[in-house]
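Hi,

Here is the structure I promised to pass on. Please have a look at it first, and then read my notes underneath.

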Amino acid sequence: MESYDVIIIGAGLSGLAAGIRLSQYGKRVRIVERQHYAGGMNSYYRRGDRCYDVGLHAMTNLSNPADHAAPLNTLLRQLKVRRDDLKLCPQQCSSVKFPDATLCFDNDFETLRSSVREISPQSADGFDRLCQAIRDDDAFNPSLGYLSARKVLASYIDDARLCDMLLCPVMFYGSSWLDDMDFHQFCIVFRSIFFEGLSRPADGMEPFINVFTRRLQENGGELSLVKSVQSIHMENGWVKSVTLEDGEEIAVKNVVSCAGYPETMALLSSPMDKLPARGELAYTETLFELNRPAAELGMTDSIAFVNSSDCFSYRPPTENSVDMRSCVLCIPSNFTGVHETDGVSVVRMSHLASYDYWKRLDKNDYRDEKERVMDCQQVFLEQAFAGFNAHVTRREMFTPLTLERYTGRVGGSIYGSTEKRKDGRTAIPNLYICGTDQGYLGIVGSLLSGVVIANRYLLR
Ligand SMILES: Cc1cc2nc3c(=O)[nH]c(=O)nc-3n(C[C@H](O)[C@H](O)[C@H](O)COP(=O)(O)OP(=O)(O)OC[C@H]3O[C@@H](n4cnc5c(N)ncnc54)[C@H](O)[C@@H]3O)c2cc1C
């Protein structure tokens, strides 16, 4: 039987980062990934001769390359990855659009600050004080308990609409809670979007992920694709080995998993009495391909967070497959320097979705519902950007079931379980959880989580 210091379940970005860091220090590491490509929820796929990103809208935490303390720069130093190799292209301008107000932001924080002053002059001082509290928060301290972000925001800002407008992008990009979120998590995501800024890799996720897989392999780390961990075996309360779906058995000293907390615990040979709760938040993601630059149709935002109802609702719909009242729009060509194929542009659209609704549909109804939702999305886009429909050459939609099928995330839950393992530990001393269910969300959060787990527990 082969033996490893560490087996990593999943080549999500957190698993890749943990693998790089561990192999850098001579640990014998193997990452086992069930899919054909690394990257997990932020991977890519091919259609003909084109490569498409699964979900990428924007990468947070851009920061100034000269800022040595910025999370992205610290992270890349630890992984020995050159920032230039990631070819990050900054956003131009983005917005939060509510029925009678729009907040504008870009990678200069002053743009958001002056936009707040414009739409809610009475909140200007409160907003500044809130920003100071966000800067000061010890957000990564794993011993901090849940604090309602809504309550904290309301204590600084006496304008419910503005509070909703600030929560909307932060929740969409990083909350596994419904309608509220932990204030410490709010601080992490707020800083990563508004203080540090958004970007996209120039050619999408494939070359971005290749930078990390190459680094792993240069260190001597192994990556086994299209291999699935079927079970984790225990002896006297410790993990001793894992078995793959093809029957291979591997002896291990430690296991790190980015497959999710409930998903990992379900692999144990001695199951827990009660599995951790699955997360409820799920999205649909639609990709429209246009035969014209989106900006020529008036789509000038890099990212737009749109909400059309009086109050912003952040929870899966109960009566419908998707909640059409809010969405996130991403236009990759509106990031400075992004490479687009001649004249073709892409518009991505995400909606909050109900996993249970999609799950109930039979094959034909499922296909029809996807078409119906995409038709509704096009009605909305045509109203907002006249002429949009005439330029759509292809459209494709992922549902929570697609995400579940490809990544194994139970319920297609994009931000994982609400039972976060903030310190990455489980009840089993040599089994660790990294990534989404450690509470580190998004691309940069996941990479950071892998480094934290390696440094904190396995390189001492
Ligand atoms: C549609 C969509 C859009 C997104 N957009 C953005 C964005 O614009 N910006 C951003 O920063 N973040 C975005 N995210 C979030 C981001 O993708 C995630 O936060 C991050 O990638 C999670 O990484 P992870 O390492 O925690 O886990 P995952 O990416 O979930 O990786 C887990 C891996 O484990 C593998 N696996 C599971 N079970 C097994 C098993 N038994 N054996 C072997 N392998 C297994 C899976 O196949 C998967 O590759 C998006 C996510 C989605 C779904």
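Let me begin with a pocket that two domains share: domain 1 (2-87 + 203-277 + 417-458) and domain 3 (280-406) each give at least three residues to the lining of the second largest pocket. The domain bounds come from an automatic or database domain assignment.

Some ground rules before the rest. This is a predicted model, in which local features need pLDDT of at least 70 and side-chain atom pairs count only at pLDDT 80 or more, while totals for chains, interfaces and linings use all residues. Residues are numbered from 1 along each chain as its sequence is written, and side-chain values use heavy atoms, with hydrogens and water left out.

**The pocket**

The second largest pocket holds about 360 Å³ of space. A pocket here is an open set of points on a 1 Å grid over the protein atoms alone where a 1.4 Å probe fits, with protein on both sides within 12 Å along at least five of seven lines; lining residues have an atom within 4 Å of a point. Grid points are joined across faces, edges and corners, and the volume is the space filled by probe spheres set on the points. There are 20 lining residues, and Arg50, Cys51, Asp53, Asp203 and His339 are the closest to the centre. Two or more residues each come from strand E4 (50-53), strand E8 (199-201), helix H8 (205-218) and strand E16 (345-353). E4 provides the largest share, four residues. (Helices, H or I with at least four residues, and strands, E with at least two, are DSSP runs numbered from the N terminus.) By type, the lining has 10 nonpolar, three polar and seven charged residues, where nonpolar covers Ala, Val, Leu, Ile, Met, Phe, Trp, Tyr, Cys and Pro, charged covers Asp, Glu, Lys and Arg, and polar covers the others, Gly among them.

**Salt bridges**

The whole structure has 30 salt bridges, each defined by a side-chain nitrogen of Lys or Arg within 4 Å of a carboxyl oxygen of Asp or Glu. In one of them, Arg113 and Asp128 meet at 2.8 Å, N to O. This pair links helix H3 (residues 109-119) to helix H4 (residues 124-136), with the partners 15 residues apart. Arg113 is partly exposed at 23% relative accessibility, and Asp128 is partly exposed at 24%. (Buried means under 20% relative accessible area, exposed over 50%, and partly exposed in between, with a 1.4 Å probe and protein chains only.)

Lys420 and Asp437 also form a salt bridge, with their closest N and O atoms 3.2 Å apart. Lys420 lies in the loop between helix H12 (400-407) and strand E18 (431-433), and Asp437 in the loop between E18 and helix H13 (442-458), so the pair ties together parts 17 residues apart in sequence. Both partners count as buried, Lys420 at 17% and Asp437 at 1%. Elsewhere, Arg47, Arg50, Glu289, Arg394 and Glu396 are joined into one network by salt bridges that share partners.

**Cysteines and a covered helix**

How many disulfides are there? The count is zero, taking a disulfide as a pair of cysteine sulfur atoms within 2.5 Å. Cys93 is unbonded because its closest cysteine sulfur, in Cys104, is 7.3 Å away, too far for a bond. Cys93 is partly exposed at 32%, as is Cys104 at 35%.

Finally, helix H7 (residues 183-195) is mostly covered, with 13 of its 13 residues buried. Just after H7, Gly197 takes a positive phi of about 100°.

Best wishes
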